[in-house]
Amino acid sequence: MGWRLVYGPDVGHWAATRLNSAYFDARSHAIGLERDGEIVAGIIYEQWNGKSITCHAAFDGRLTPAYLREIFYYPFVVCGVGKMIAPVSSSNSKIMKLLDNMGFAEEARIKDAADGDIVFYTLARPDCRFLHE
């Protein structure tokens, strides 16, 4: 079977479960990655306002180049935003490291607002290297 991009509520609910959150199909969009029929990655986009979009990501496995292109193509090209915003609990070092590696930078922090701080990572369109590969 191999790797496959997937979309929709199943991905949103998969990611939300891992994030201890919820997915609302009418207000969100989700892009996932399957390996051999099992979802291994999911990103939820919400709160699009024309200039920015908020995203929440969960990953259980390796990410493919095609998936990386797709998860940045959607917000920056399809939605036309200039900035992605990713709020993350400071206790989630795995996602924080991944965001750093993807080019996101910490822009703000709210102390003791979750299981630790809520750290707001952002990535501006000109800084996204995945759109240019």
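Trainee: Is Thr-64 buried or exposed?
Mentor: In this predicted model, Thr-64 has a relative accessible area of 8%, so it counts as buried.

Trainee: Where does Thr-64 sit, and which residues is it in contact with?
Mentor: Thr-64 is placed in the loop between β4 and α2, and once its neighbours within four places in sequence are left aside, its contacts are with Trp-3 and Leu-33.

Trainee: What about Val-81, where does that one lie?
Mentor: Val-81 also belongs to a loop, here the one that runs between α2 (65-78) and β5 (83-89), and its relative accessibility of 1% means that it counts as buried, the limit being under 20%.

Trainee: Which residues does Val-81 touch?
Mentor: Not counting residues up to four places away in sequence, Val-81 touches Trp-48, Gly-50, Lys-51, Ser-52, Ile-53, Pro-75, Phe-76 and Arg-125. For one of these, Gly-50, there is also a backbone distance to quote, since the C-alpha atoms of Val-81 and Gly-50 are separated by 5.8 Å while the two residues stand 31 residues apart along the chain.

Trainee: Switching to helices, which residues of α3 are buried?
Mentor: Helix α3 covers residues 93-102, and Ile-95, Met-96, Leu-99 and Met-102 are buried there. They span an arc of only 125 degrees around the axis, and therefore lie on the same side of α3.

Trainee: And what does the face turned away from that buried side carry?
Mentor: That face of α3 carries the exposed residues Ser-93, Lys-94 and Lys-97. On the buried side, the cover includes β4 (52-59), α2, β5, β6 (105-114) and β7 (116-124).

Trainee: What do the buried residues of α1 pack against?
Mentor: In α1, residues 9-18, the buried residues are Val-11, Gly-12, Trp-14, Ala-15 and Ala-16, and they pack against β1 (3-7), β2 (29-35), β3 (38-46) and β4.

Trainee: What is phi like in the residues that follow these two helices?
Mentor: Gly-103, just after α3, takes a positive phi of about 105 degrees, and Asn-20, which follows α1, has a positive phi near 55 degrees. As background, most residues other than glycine have a negative phi.

Trainee: Which phi value does Gln-47 have, and is Gln-47 buried or exposed?
Mentor: Gln-47 has a positive phi of about 60 degrees although it is not a glycine; it lies in the loop between β3 and β4 and, at 55% relative accessibility, counts as exposed. Asp-112 is another residue other than glycine with a positive phi, near 50 degrees, but its place is in strand β6, and at 69% relative accessibility Asp-112 counts as exposed.

Trainee: Zooming out, how many helices and strands does the protein chain have?
Mentor: The protein chain has three helices and seven strands, and from the N terminus on they run β-α-β-β-β-α-β-α-β-β. Its radius of gyration is 14 Å, close to the 14 Å that the globule rule gives for 133 residues, so the protein chain is as compact as a globular protein of that length.

Trainee: What share of the contacts joins residues 24 or more positions apart?
Mentor: Among contacts in the protein chain with a separation of 6 or more, such residues account for 58%, and buried residues make up 42% of the 133 residues.

Trainee: How far apart are the centres of the positive and negative side chains?
Mentor: The centres of the two sets, 14 positive and 16 negative side chains, lie 4 Å apart.

Key. Residues numbered from 1 in each chain as written. Predicted model: local features only at pLDDT ≥ 70, side-chain atom pairs only at ≥ 80, totals over all residues. Heavy atoms only, no water. Helix = DSSP H or I, 4+ residues; strand = E, 2+ residues; numbered from the N terminus. Buried < 20%, exposed > 50% of the residue type's maximum accessible area, 1.4 Å probe, protein only. Contact = heavy atoms within 4.5 Å. Arc of directions from axis to C-beta. Rg over C-alpha atoms; globule rule 2.2 N^0.38 Å. Lys, Arg positive; Asp, Glu negative; His and termini not counted. Charge placed at Lys NZ, Arg CZ, Asp CG, Glu CD.
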